[in-house]
Amino acid sequence: QTRSSGINAEYAGCEFIATNLDAVTHLTDAQEWAGNGAMVGAIKGCTGVEPTIVGKPSPLMIDYIVDKYNVERSRICMVGDRLDTDVLFGSNNGLMSILTLSGVTTEAKLLGDDNKINPDYYVDSINDSSLKLG
């Protein structure tokens, strides 16, 4: 309770901004670590304040790019290795999406019955030029 009161008092009126809510991050293919979402959850838990998410899948970045460069969303393709950030960012913001299986998401997870987020296409790696329908 003391820690929570201290954080709320010292930073009263400040906006809580987070880049992402990634549950895990990978330092290497074999090393999975707690992601930014773990720290965001801890701060949210002790302050009771909801963060403003400025990274994927928030529309903040794409809104800025579309406005600054005067480009249509239909001409933008999001390529990434995470369903819950990269592909969701694409789908939520009217972009085409390509999932690369060389990172966080496996083909088993992508094609699994529990998955509700689907890319337009997916590839085995970023170097792969053969697109598979998502």
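**Note on strand 6 and the salt bridges**

1. Strand 5, helix 4 (residues 83-92) and strand 6 build a β-α-β unit, and its hand is right. The model is predicted. The points below start from strand 6 and then turn to the charged pairs.

2. Strand 5 covers residues 77-80 and runs parallel to strand 6, with four bridges between the two. One residue pair can be named here: M78 has S97 of strand 6 as its bridge partner.

3. Strand 6 also pairs with strand 7 (residues 121-123), again in the parallel sense, over three bridges. Here L99 faces Y122 of strand 7. Strand 6 thus has partners in strand 5 and in strand 7.

4. How many of the five residues of strand 6 are buried? The count is four, over residues 96-100, and the strand is mostly covered. In a regular strand, side chains alternate between the two faces of the sheet.

5. The salt-bridge count is four. Among them is the pair D22 and R82, whose side chains meet at 3.5 Å, N to O. D22 sits in the loop between strand 1 (17-18) and strand 2 (24-28), while R82 sits in the loop between strand 5 and helix 4, so the contact ties together parts 60 residues apart in sequence. The loop that holds R82 thus belongs to the β-α-β unit of point 1, between its strand 5 and its helix 4.

6. Are D22 and R82 buried or exposed? Both D22 and R82 are buried. Each therefore has under 20% relative accessible area.

7. D63 and R73 form another of the salt bridges, with the closest N and O atoms 2.6 Å apart. This pair links distant parts of the chain: D63 belongs to helix 3 (residues 60-69), R73 to the loop between helix 3 and strand 5, and 10 residues separate them. D63 counts as partly exposed, at 30% relative accessibility. R73 is partly exposed too, with a relative accessible area of 27%.

8. K44 and E50 also meet through their side chains in a salt bridge, at 3.0 Å, N to O. K44 is partly exposed, at 35% relative accessible area. E50 is exposed, at 54%. The cut-off for exposed is over 50%, so E50 passes it and K44 does not.

9. Burial of the charged pairs, in brief: D22 and R82 are buried. D63 is partly exposed, and R73 is as well. K44 is partly exposed, whereas its partner E50 is exposed.

Key: Residues numbered from 1 in each chain as written. Predicted model: local features only at pLDDT ≥ 70, side-chain atom pairs only at ≥ 80, totals over all residues. Heavy atoms only, no water. Buried < 20%, exposed > 50% of the residue type's maximum accessible area, 1.4 Å probe, protein only. Pairing = 2+ DSSP bridges. Right-handed = clockwise from strand over helix to strand, strands pointing away.
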